[in-house]
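Reader: I'd love a close look at one part of this fold and at what surrounds it. Please walk me through the strands in the middle of it, then the ring contacts elsewhere.

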Amino acid sequence: MIVMAAGSGTRMGVDRPKQFIDLKGKAVLHHTLERLSQGLPDLRFVVVLPSSWIAWWRQYCYSCSLVLPQVLVEGGITRFHSVRNALEKVPDGALVGIHDGVRPFVTPELVSSLYAAAEEKDGAVPVTPCIDTMKVLEKQEVSGGRTVLASTGEGVDRSRLYGAQTPQVFKSELIKKAYSLPYDERFTDDASVAEAQEMNLSWLMGERFNIKLTSQDDLVLAGALLSLSF
């Protein structure tokens, strides 16, 4: 399992990357690794980290007796390049999951079901239906350098819109081939890279609380979920 934890977390507004923020006595990344290992106890991890935090994470694992098997990899200039770096540590003939290190509430059941589904096709991706009414807007520059939003009037069929989550699980040799493609800014997740290679994917229903922690509001929700022993 590749765990992506190389982000700087600047939107969180704290003194460290969000994957290392303390959440009820453990780093967010610690919670994530434990959740993943509950789904498949034999998982081995490739953890992608900012180069300046690798030593900190080693010391943290030692101090917390976190003994899950990990290979630590330095992140690249984009998420795409970070995943490519991590895939070099993954053998062919395996199933490899790729998960956001700041999604600490994935359930063991979803992890195991995604690996099972990836056995049948080239990969498996969890998605959740869009529940909000969607609007198509355009950014418009005005005097003073401020930006306002103007509606184009275009409608959106919400019933066809889904949000992709992680972990996304693939046959390792196929996703490696996909990541040999040149970088494209449209590659916003691993499934988009796989689709560019025309891989045959399964789409499984994801989970409402498999949230990605990106803001202070998310930390409040995360604390509440842990208090409920979620």
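Author: Let's start with strand E1 (residues 2-4), which runs parallel to E6 and is joined to E6 by three bridges. Two strands pair here if DSSP finds at least two bridges between them. This is a predicted model, where local features need pLDDT of at least 70, side-chain atom pairs count only at pLDDT 80 or more, and totals for chains, interfaces and linings use all residues. Residues are numbered from 1 along each chain as its sequence is written, and side-chain values use heavy atoms, with hydrogens and water left out.

Across from isoleucine 2 you will find isoleucine 98 of E6. E6 also pairs with strand E11 (residues 168-171), this time antiparallel and through four bridges. In that pairing, glycine 97 stands opposite valine 169 of E11. Strand E6 itself spans residues 95-100 and is mostly covered, with five of its six residues buried (under 20% relative accessible area; exposed is over 50%, partly exposed in between, with a 1.4 Å probe and protein chains only). Strands (E, at least two residues) and helices (H or I, at least four) are DSSP runs numbered from the N terminus.

Now to the rings. The structure holds nine aromatic pairs (ring centres of Phe, Tyr or Trp, the last by its six-membered ring, within 6.5 Å; planes under 30 degrees apart are stacked, over 60 edge-to-face, the rest tilted). One of them joins tryptophan 56 and tyrosine 60: their ring centres are 5.4 Å apart and the planes meet at 15 degrees, so this pair is stacked. Both residues sit in helix H2 (residues 54-63), with four residues, or about one turn of the helix, from one to the other. Tryptophan 56 is partly exposed because its relative accessibility is 28%, whereas tyrosine 60, at 11%, is buried.

Another pair, phenylalanine 80 with tyrosine 179, is tilted, with 4.9 Å from centre to centre and 35 degrees between the planes. Phenylalanine 80 belongs to helix H3 (residues 79-87), while tyrosine 179 is in the loop between helix H5 (172-178) and helix H6 (190-196), so this contact ties together parts 99 residues apart in sequence. Both phenylalanine 80 and tyrosine 179 are buried.

Back at helix H2, which holds tryptophan 56 and tyrosine 60, there is a wider grouping to look at on your screen: Trp56 and Tyr60 belong to one aromatic cluster together with Phe20, Trp53 and Trp57.
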